[in-house]
Amino acid sequence: MSQVNISKMKDDKMVHIQLNLPEKRNVLTMEMILELTNVFSQLSQNKDIQAILLSGKGTNFCAGGDLRWLNLKLGSSDLENTQEVTNLFTLFDVMYACPIPIIGKVHGSVFGGGLGLVSVCDVVVAQRDAQFCFSELKLSLIPSTIAPFVLKKIPLSQAKELILSARVFTAEEALKMGLIHFYGDGKECETYINNLIDRFLNYDQIALRQAKKLLNNIPSLSSDKVKEYCIQSLAERRKNPEVLKRITKFLKKSTK
């Protein structure tokens, strides 16, 4: 049985990816990590998909890494150990670089590696009772594979407090620091997500992807490169016929 469910929605323009290991709280097994990496790698090449929804089946989104598997692998060779960690980092890297907007829908436990998944989603919606925790230190581990992506999303000061204390925190706290973008009950979350997807599907898809790429790239550029990159990006975009088409349509509508 696959540990990842994949289904298409909205006239095949949206893909729903669902973690499918509910009996184990959707922990990140190596099989799931490799499967997710493959799925997101393939979707990144698909020009027809306009939005991705990531969720977890059962009562939890993702409770982190598979500790039973990790316990069995602690005696692995240095090469095997490094490769397994590389596989996890690669998953987050591939998801972060995915040109398609990713919406994370989370509930229940969102621990350890589950927060890595949250940190590489573009928009995250949480049910009110969701619980979050950077739990690595409780196991004498460190969050090396998720930290670079977490720090792209929340301030260093807040990351330090949460990671070093390894305390459980709420959806309300996650919202205030920018880790998630909305929380509510099940119906409220569904409404928010549906409205967001409708917006994504209505926008010019090349522009939407270029906007995500722009936002991903700016933080990694030196200050002297930002100006040139931003000017060139917009100048090039303004040449696209879709821009004139949409502006003309907007002006006609606004003068009625």
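**Notebook: strands, a crossover and a surface patch**

I began inside the sheet, where Ile 17 has Leu 54 of strand 3 as its bridge partner. I followed the chain between these two strands and noted that it leaves strand 2, passes through helix 1 (residues 30-44) and arrives at strand 3, making a β-α-β crossover that is right-handed. I should record here that the model I am reading is a predicted one.

Next I looked up how strand 2 and strand 3 (residues 51-56) are joined, and I found that they run parallel and are connected by six bridges.

I then turned to the other neighbour, strand 1 (residues 4-9), which pairs with strand 2 in the antiparallel sense, over six bridges. Within this pairing I located Val 4, which stands opposite Leu 19 of strand 2. Strand 1 and strand 2 form a hairpin with four residues between the strands, and in that hairpin I noted Lys 10, whose phi is positive, near 55°.

How much of strand 2 is buried? I found that five of the six residues of strand 2 (residues 14-19) are buried, so the strand is largely enclosed by the rest of the structure. I added a general reminder for myself that side chains in a regular strand alternate between the two faces of the sheet.

I moved on to Ser 109, which has its place in strand 5 (residues 109-111). Is Ser 109 buried or exposed? I put Ser 109 down as buried, because its relative accessible area is 10%, while the cut-off for buried is under 20%. I also looked up its distance to Ala 63, and although the two residues lie 46 residues apart along the chain, their C-alpha atoms are separated by 5.4 Å.

On the surface I came to a nonpolar patch of about 250 Å², which is made by Leu 67, Leu 139 and Leu 141. I traced one of these residues, Leu 139, to the loop between strand 7 (131-133) and helix 5 (147-150). Leu 139 has a relative accessible area of 42%, and I therefore entered it as partly exposed.

Last, I stepped back to the whole protein, whose secondary structure comes to eleven helices and nine strands. Of its 256 residues, 43% count as buried. The C-alpha atoms fill a box of roughly 65 × 45 × 35 Å along the principal axes. I compared the radius of gyration, 20 Å, with the value near 18 Å that a compact globule of 256 residues would have, and I noted that the two agree.

How values were computed. Residues are numbered from 1 along each chain as its sequence is written. This is a predicted model: local features need pLDDT of at least 70, side-chain atom pairs count only at pLDDT 80 or more; totals for chains, interfaces and linings use all residues. Side-chain values use heavy atoms; hydrogens and water are left out. Patches are made of residues with over 30% relative accessible area and no salt bridge: like charges are joined within 9 Å, nonpolar side chains (Val, Leu, Ile, Met, Phe, Trp, Tyr) within 5 Å. Accessible areas come from the Shrake-Rupley method with a 1.4 Å probe; for residues, only the protein chains shown count as cover. A salt bridge is a side-chain nitrogen of Lys or Arg within 4 Å of a carboxyl oxygen of Asp or Glu. Buried means under 20% relative accessible area, exposed over 50%, partly exposed in between (1.4 Å probe, protein chains only). Two strands pair if DSSP finds at least two bridges between them. A crossover is right-handed if, with the strands pointing away from the viewer, the path from the first strand over the helix to the second runs clockwise. The radius of gyration is taken over C-alpha atoms; the globule rule is 2.2 Å times the number of residues to the power 0.38.
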